[in-house]
Structure formats: C-alpha cells, structure tokens
Amino acid sequence: MRQIAVVGAGKIGSAIVDMLRTSGAYQVAVIDQDAARLAALKVGEGVERICVDVRDPAALAARLEGVFAVISAAPYQLTVPIAQAVKAAGAHYLDLTEDVAATRQVRALAQGARGAFIPQCGLAPGFISIVAMDLARRFDEVHEARLRVGALPRYPTGGLNYNLTWSTDGVINEYCEPCEAIVLGERREVAPLEGLEAFALDGVAYEAFNTSGGLGSLCDTLVGQVRNLNYRTIRYPGHAAIMRTLLHDLALRDRRDLLKDILEHAVPATLQDVVIVFVTVSGLKAGALMQETYVNRIYAQPVDGLPMSAIQITTAASICAVADMLAQGDLPQSGFVRQEDIPLDRFLANRFGRWYASDDQALRSA
C-alpha cells in the first residue's frame, strides 16, 4: 500500500485520516507539532503519529522519506514551509488552503518538483472549480459563471445566524483578504463582504457575498474566455452586516487573534451542518442564450460509523479523491495541477468523490 502523510491533526485532518484508513488502500501517518493534540487524536489502529516542527522544512522533510504523497490540513500560515519540505522530499503535495498568496508560492514551488503539486483541493476552492469548469465546457461562449458555496449550521442561533463548522482562522482570512473576480472580461480584485445578494432555495432565504480564495486558479484559466466570474460565500440573512461591523467599524480585521478568541468563546461549534453548492453558468449554445445550474446539498452523517459534519465530509472527500486519482494515474504526476483540470465524472465515480452524490442520490454509507 502507498503511504500518505497528513499534516495537521485537527477536525479536517482527522476526517482525512479516517477516510484514507478505512478505505484499506493506504498506510497513513499523521503529523503535527503539538504532541498533546496527536495523543488526543481519535483514529483507528495502524495510524502512525509523528511529532515534528512543521514550521521547519528541513526537519519535516527528514520525516517524509518514502512517502507517496503529503496532504496538508494545517492552518494556511503553514502552507509554504510544508510545501517546501514536500518538494525537498520528492513526494506529491496536496493542500486545502484558500489563501491566495500562499497558493501563488506553492505554484512557484511546483516548478521543477519531482511530484505533482495540487493546492486548494477542498470544497471551495476545490470541488467548486471542478463543477464550474464542467458546466463551462458545455457552452460555445461563456458569459457568466457564478459560484456560491456555504457551510451552514442546520439550526443556527444568535444574531450571527452561524455556528463554527470549520477553521476559525480560515473564516476570518476569507472575510478579510482581497477577492479575485473577472468583471466585464477583465481580471479584478474586489472587496470581501461586498457584492451582497439575496436569494432563496426551496423556500429558505440566504445571502451571499464576496470572500477570498474560493475561485482557486479559475481566474487564470478563464480570463479572456468569460465576461463575468465571481465567487461568494452563502450565509443566512444578516450575517454579513454584523461581520462588517466587527471587522471594519471595530477594526478587528487588524486584530485577528482577538476576533478569533471572541468567536471561539461566544459562537458554539456544531456537527449538525449542511454544505450547499450552487453554480450557475450562462452563455451561448448553438447561437441560443442558455443557462445551466448545479445545486447540491451534503448533510452531516456517519462515515464508516463515525459521526462527521458536512464540512468535514466534503473537504476530506475532495482531497482524498484527488489523492486517489493521483495514485491511480488519472492526474499528471509532476508539476502544478489545477482543480479545473480534474474531470467531474471521474471525480464523482471515485470511491471518495462518491460522498458528493447529488441530493436525490445521496449516499448514507461508504
């Protein structure tokens, strides 16, 4: 069996470890710089635990000898040193980061790498780009591509209408950093928390607004081919206004550690969540103006008997599917690989990608 090392023993890292381990196809090691977190990690037998300072590329590279691939589920601030270590070790590299600056550095590291470098393999960025590109290829000329994703509590409470379902650092980062878009054919940076829109799905009201990182490399791929392309995060109504107050009026965008502390002490976490994927592409087909839409919901559910949140399932399943396709030779074996180059049908047919089964065909067990 091929060996995969997962860096990061948090909620998402543990879900990735469990999915890979229970597939029976991989030997799994989990790496973290926090010995207590490693010891507390609840995973099955046969998973090696390695404590090493992942901020030190040389120290990490020394522990990666013979590893087929490394999956980074660590905070985005650690993306670059982990990628540097993986390049030095000659392994394949995959990550979940939504941070635009870190991804640009990973792309530079991919040049001359012996393995494939595949960043942004999660839900958004990640699966959302695979869906959007699949729809775009069906058109002769693409006018609009609108990507919307939300990881939402099913039973929200409080004025924020939100519960913590994944990395608090990641949420804050995407609310603060500039957002990429294509506007009237030109690549632009747009402000986070702007572009507010309201819509409803099956009678439930939502809002969506600009957030950073969700497009991955799609702007690079589609500039010159699409009039308008944007990504927005889905929330329940009223969330954006409160976050603007916290980040701008109270200037907490400049004190992110304080905001993280406030949110984690005041906003409960939950495993009872739902992920909504909503992509709309419009343009010309055989001279007619047409629109195609992909809508899906993935709910929290047990995975091999273990309870997992929807964001754990979708994020872990996405990166595990890409790693599995890499192992099977379905993806390039070296250099930079874009999410939008991954065929949607092959992804959904994968043993891990099956967790993205459409609403009316949703799997309830592996």
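These entries record what I looked up on cysteines and on one sheet in a predicted model.

**Basis.** I number residues from 1 along each chain as its sequence is written. In this predicted model, local features need pLDDT of at least 70, side-chain atom pairs count only at pLDDT 80 or more, and totals for chains, interfaces and linings use all residues, while side-chain values use heavy atoms, with hydrogens and water left out.

**Cysteines.** I searched the whole structure for disulfides (pairs of cysteine sulfur atoms within 2.5 Å) and found 0. I then asked why C176 has no such bond: its sulfur is 10 Å from the closest cysteine sulfur, in C179, which is too far. C219 is likewise in no disulfide, its nearest cysteine sulfur being that of C179, 10 Å away. I also looked up burial (under 20% relative accessible area is buried, over 50% exposed, in between partly exposed; 1.4 Å probe, protein chains only). C176 counts as buried because its relative accessibility is 2%, and C219 counts as buried at 0%.

**Sheet.** I took helices (H or I, at least four residues) and strands (E, at least two) as DSSP runs, numbered from the N terminus. Strands pair if DSSP finds at least two bridges between them. I found an open, parallel sheet of 7 strands in the order 3-2-1-4-5-6-17. Its edges are strand 3 (48-51) and strand 17 (335-336), each pairing on one side only. Strand 1 (residues 2-7) pairs with strand 4 (residues 69-72) in the parallel sense over 4 bridges. Within strand 4, V70 stands opposite A5.
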